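Trainee: Could you take me slowly through a single part of this model, the place where one domain meets the other, and then show me what surrounds the ligand?

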Amino acid sequence: MKVWGRADSTNVKKVLWCADELGLDVEHQPLGGRYGGLDEPVYREMNPNGLIPCLQDGDLVLWESNAIVRYLGAQYGAGRVYASDPKRRAGADKWMDWASTTLVGAYKDWFINRVRKTPETRDSAAMERGLRVLREQLAVADLALARQPYLSGDDFGMGDIPLGCLSYPWFELDDQRPDLPHLEAWYHRLAERPAYRHRVMIEIS
Ligand SMILES: N[C@@H](CCC(=O)N[C@@H](CS)C(=O)NCC(=O)O)C(=O)O
């Protein structure tokens, strides 16, 4: 099994973290960002979007990070990362989609300006707007986590992976965060997982 994509990309982190949780032996090829290679014809053949991550497992080539996480879970983690019960699985699916749709635009506005731009080049208005929306939206996750220990339900699962990847910079950068105790307790639970520490808690860049 092979995964393409630089390790510090949020979407690549999802895949590498999930694979580690499942104990899979993955060949990792950094790509994108400072590594380049996204316009190489061989890569475009696999992922015509020219984005990372991309997975190859036997004759399957797959892009879209959440689809890859779902595939790995269904193929190698049924009953663990990927709930067998459709109702429990739908609950996890919901949080995966929520993180990648409702939340991610605000997250990018905040993260890119906060981390990747210099004070001179950053769009402060976009950064503040992103921060404001993040504060509001993360309260929704906090409410859910008041009732269950994981976004996936009683146990860790794929529903925790997208927000788990976004949460590391959120909790580690020293911006003013609202008091969301259940979200914070969940983050600390994730930080106890060796696979999370190995794949997600790496230098923020
Ligand atoms: N919806 C796609 C988004 C993929 C995406 O935007 N990937 C970014 C990195 S997080 C990318 O390829 N950026 C170009 C680069 O890193 O050079 C997914 O979830 O896989």
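Mentor: What follows goes from the domains to their interface, then to the ligand, and ends with the salt bridges.

Please keep in mind throughout that this is a predicted model. The domain assignment divides the protein chain into domain 1, residues 2-76, and domain 2, residues 86-197, and the C-alpha centres of these two domains lie 21 Å apart. In the contact between them, domain 1 takes part with 12 residues, while domain 2 takes part with 18 residues.

To describe such a surface, it helps to recall that the size of an interface is often given as the accessible area lost when the parts come together. Here the area buried between domain 1 and domain 2 is about 1300 Å², and carbon and sulfur atoms give 64% of it. If you look at the side of domain 1, you will find that W17, E21 and R70 lose the most area to domain 2, and that together they account for 49% of what that side buries.

R70 deserves a second look, since its side chain meets the side chain of D97 in a salt bridge, with 2.9 Å from N to O. Across the interface of domain 1 and domain 2 there are three salt bridges, and five residue pairs are in polar contact across that interface. On the side of domain 1 that touches domain 2, the helices α1 (10-21) and α3 (65-76) each supply at least two residues, and the largest share, seven residues, comes from α1. Sorted by class, this side of domain 1 has three nonpolar, two polar and seven charged residues.

Let us now turn to the ligand. The residues around the ligand are R6, S9, N11, G32, G33, L38, L51, I52, P53, E64 and S65, and several of them can be followed atom by atom. A polar backbone atom of I52 is 2.8 Å from a nitrogen atom of the ligand, and the peptide bond that leads from I52 to P53 is cis, with omega near 5°. P53 itself is found in the loop between α2 (41-46) and β3 (54-57).

E64 can be read in a similar way, for a polar side-chain atom of E64 lies 2.8 Å from a nitrogen atom of the ligand. E64 is found in the loop between β4 (60-63) and α3, and E64 has a positive phi of about 85° although it is not a glycine. In the case of S65, an N or O atom of the side chain is 2.6 Å from an oxygen atom of the ligand.

Finally, when the whole structure is considered, it holds nine salt bridges. One of the salt bridges joins E27 and K2, whose closest N and O atoms are 3.6 Å apart. E27 lies in strand β2 (residues 27-29) and K2 lies in strand β1 (residues 2-4), so this pair ties together parts that are 25 residues apart in sequence.

Terms used. Residues are numbered from 1 along each chain as its sequence is written. This is a predicted model: local features need pLDDT of at least 70, side-chain atom pairs count only at pLDDT 80 or more; totals for chains, interfaces and linings use all residues. Side-chain values use heavy atoms; hydrogens and water are left out. Domain bounds come from an automatic or database domain assignment. Contact means heavy atoms within 4.5 Å. Buried area is the accessible area (1.4 Å probe) that two parts lose on being put together, summed over both. A salt bridge is a side-chain nitrogen of Lys or Arg within 4 Å of a carboxyl oxygen of Asp or Glu. A polar contact is a pair of N or O atoms within 3.5 Å; within protein, one must be able to donate a hydrogen and the other to accept it, and residues adjacent in sequence count only if both atoms are side-chain atoms. Helices (H or I, at least four residues) and strands (E, at least two) are DSSP runs, numbered from the N terminus. Ala, Val, Leu, Ile, Met, Phe, Trp, Tyr, Cys and Pro count as nonpolar, Asp, Glu, Lys and Arg as charged, and the others, Gly among them, as polar. A residue is near a molecule or strand if one of its heavy atoms lies within 4 Å of it.
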